[in-house]
Amino acid sequence: MQQDLLTRAKAWLAEDPDPETRVELEGLIEAGDEPALADRFAGTLQFGTAGLRGEIGAGPMRMNRSVVIRAAAGLAAYLKAQGRTGGLVVIGYDARYRSADFARDTAAVMTGAGLRAAVLPRPLPTPVLAYAIRHLGAVAGVEVTASHNPPRDNGYKVYLGDGSQIVPPADAEIAAAIEAVGPLDGVPRPESGWEILGDEVLDAYLARTDAVLAPGSPRTVRTVYTAMHGVGTSVLTAAFARAGFPEPVLVAEQAEPDPAFPTVAFPNPEEPGAMDLAFATARRSRPDVIIANDPDADRCAVAVPDTSAEGGWRMLRGDEVGALLAAHLVDRGVSGVFAESIVSSSLLGRIAGKAGLGYEETLTGFKWIARVDGLRYGYEEALGYCVDPEGVRDKDGITAALLMAELASVLKEKGRTLLDLLDDLALEHGLHATDQLSVRVEDLSVIADAMRRLRQSPPTALAGLPVTSAEDLSLGTDALPPTDGLRYHLAGARVVVRPSGTEPKLKCYLEVVVPVGSADGLPAARARAAELLADIKRDLAAAAGI
């Protein structure tokens with residue numbers, strides 16, 4: 001074994017405060033497992049605009065108590081350098097493995113650094129933490145969650161006092177402060193001194209959800225709901241009860257928090273098979289809609305009855321839900337700015353323009369969307385919706401579910417469905433069809449190679465459609481700061497290619513717009529859109545070498 005690797009592993013072991021990861025690391029050292037050690041000590045988890053996220057385990061390339069203590073100490077140092085000494089840091093956590101431990105370590109570090117710390121009373125949705133920051137007047141917030149990542153992962157998401165996630169330069173400054181943290185035994189971690197909050201914050205959040213709905217609106221829709229083994233069930237059912245909706249039928253197998261996520265390969269409603277139990281429950285109970293949250297309940301998925309779909313139910317794409325919620329808010333007469341990220345459907349811009357509302361495009365992530373001046377509604381195609389920015393400046397799967405239930409109820413009273421409204425939008429604005437080419441990799445160099453290939457030899461046409469303009473987003477634009485991505489505009493289509501910020505994936509976002517002359521023309525338009533999307537996918541994969 002390389003002596004340097006062994007030396008670093010033993011040094012890490014010597015200050016590791018966690019018996020579990022100490023046993024893991026001791027076993028690898030004793031076994032002389034050089035590949036496993038090299039993987040754990042190949043670098044450090046990078047703190048960026050998504051905070052930290054990675055597999056649980058020993059070493060600097062894993063999520064563990066040592067990494068979390070250093071992250072918390074760096075955040076504390078940053079806050080004190082910003083003049084926030086004595087300020088409150090509120091901490092939330094989900095039900096994943098080690099989440100409660102990481103939350104407790106964060107509270108101890110903040111207390112030891114001279115800040116005040118308050119921890120939410122139990123595992124709760126991420127939107128409750130985002131709400132609590134402004135409600136309590138905190139200078140920052142931390143949410144321990146890996147969202148919809150696999151069971152082996154955990155993460156560390158940081159918010160500042162405005163209630164939105166960190167953006168540059170704060171992320172780089174916090175990362176530098178983390179790098180400057182010395183030995184762990186020099187980080188004070190008292191055994192007590194922080195506050196465990198009661199249910200008052202949750203009660204205040206639930207009271208705020210009332211603001212999402214129009215007074216006197218119909219509340220008749222019947223739902224099946226799945227929390228995807230996460231923390232959403234108790235909060236969503238309480239919000240629905242407050243609002244006067246019928247009690248959702250729960251997907252019993254997925255209703256309670258379980259960090260093993262035993263019924264799904266990936267706890268993400270978008271992943272194949274994740275919604276199978278919800279569909280089975282719906283076929284028995286025959287609801288009007290299915291609503292799903294991801295494990296930390298900041299995303300919201302919707303499925304609808306569809307006789308043409310296999311099994312009689314169809315998942316709506318995130319862009320479809322985004323357009324439906326926008327149309328509903330327009331119909332309610334809201335004012336302000338609609339915003340979305342560059343990877344989401346251009347249909348939102350057309351809806352906003354027709355209604356005379358402001359519209360902005362941002363980089364990917366709610367850390368950008370939440371900062372749009374005058375924001376009234378923002379969404380991202382990955383099932384994220386901000387429908388009450390005055391309450392939660394982040395995506396919120398609970399309030400999005402309430403607003404979708406209200407829309408479905410309004411339509412139900414008129415003898416119509418969500419699919420009918422999607423048809424209306426296609427007739428009014430053209431059929432906007434989206435899809436995604438997503439490649440999960442073990443070796444991150446595959447993603448770097450694909451991006452390099454596309455930059456060196458950009459496609460001139462996809463699916464027979466000429467590329468009318470190409471942008472390397474790493475150079476920035478007049479409206480957007482630099483980010484690692486590429487955007488192609490085609491005649492009647494658009495493609496965005498970018499590495500995922502939270503998973504080892506290369507993501508390619510595709511959109512085609514097909515004019516529709518009449519309702520009779522919708523089937524042909526859908527067939528043409530599906531053909532174009534499939535051909536763009538094929539040609540783009542070939543151009544990227546994936």
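Before I turn to the strands, a word on terms: a residue is called buried when its relative accessible area is under 20%, exposed when it is over 50%, and partly exposed in between, with a 1.4 Å probe and protein chains only. Helices (H or I, at least four residues) and strands (E, at least two) are DSSP runs, numbered from the N terminus. What you have in front of you is a predicted model, in which local features need pLDDT of at least 70 and side-chain atom pairs count only at pLDDT 80 or more, while totals for chains, interfaces and linings use all residues. Residues are numbered from 1 along each chain as its sequence is written, and side-chain values use heavy atoms, with hydrogens and water left out.

Let me begin with strand β2, residues 88-93. Six of its six residues are buried, so β2 is largely enclosed by the rest of the structure. In a regular strand the side chains alternate between the two faces of the sheet. In β2 both faces are covered, with L88, V90 and G92 buried on one side and V89, I91 and Y93 buried on the other. Two strands are said to pair if DSSP finds at least two bridges between them; β2 pairs with strand β3, residues 116-119, in the parallel sense over four bridges, and V90 stands opposite A118 in β3.

From I91 in β2 we can step across to K157, since the C-alpha atoms of these two residues are separated by 10.0 Å although they are 66 residues apart along the chain. K157 lies in strand β5, residues 153-160, and this lysine is buried, with a relative accessible area of 6%.

Further along the chain there is an open sheet of five strands, in the order β8-β7-β9-β10-β11 and with mixed pairing. Which strands stand at its edges? They are β8 (249-250) and β11 (313-315), each with a single partner strand, so one side of each is left without a neighbour in the sheet. Within this sheet, strand β9 (residues 289-293) and strand β10 (residues 300-305) pair in the antiparallel sense over four bridges, and I290 has A303 in β10 as its bridge partner.

Now to the nonpolar cores, by which I mean sets of buried Ala, Val, Leu, Ile, Met, Phe, Trp, Tyr and Cys residues joined through side-chain atoms within 4.5 Å. The largest has 87 residues, and the members that touch the most others are Y377, Y385 and L418; helix α14, residues 397-413, gives the most to this core, with ten residues. Apart from it lies another core, of 54 residues, among them L5, I69, V139 and V158. As for Y377, its contacts (heavy atoms within 4.5 Å), not counting residues up to four places away in sequence, include V321, L325, F338, L348 and Y385. L348 is also one of the buried residues of helix α12, residues 347-355, and that helix is followed by G356, whose phi is positive, near 75°.

Next, the empty spaces. On a 1 Å grid over the protein atoms alone, a cavity is a set of points where a 1.4 Å probe fits but cannot get out, and a pocket is an open set with protein on both sides within 12 Å along at least five of seven lines, lining residues being those with an atom within 4 Å of a point. Grid points are joined across faces, edges and corners, and a volume is the space filled by probe spheres set on the points. The structure holds two cavities of 30 Å³ or more. The largest has a volume of about 60 Å³, and helix α8, residues 200-209, gives the most to its lining, with three residues. The second largest cavity, of about 50 Å³, is lined by residues that include D94, R96, H229 and D258.

The second largest pocket has a volume of about 370 Å³. Of the 17 residues that line this pocket, the closest to its centre are T44, L45, R70, I178 and E179.

I will end with some backbone details. Most residues other than glycine have a negative phi, and most peptide bonds are trans. R98, however, has a positive phi near 75° and counts as buried at 15% relative accessibility. M228, in the loop between β7 (223-226) and α9 (233-243), has a positive phi of about 55° and is buried at 0% relative accessibility. Finally, a cis peptide bond, with omega about 0°, joins P168 and P169, and P169 is placed in the loop between β5 and α7.
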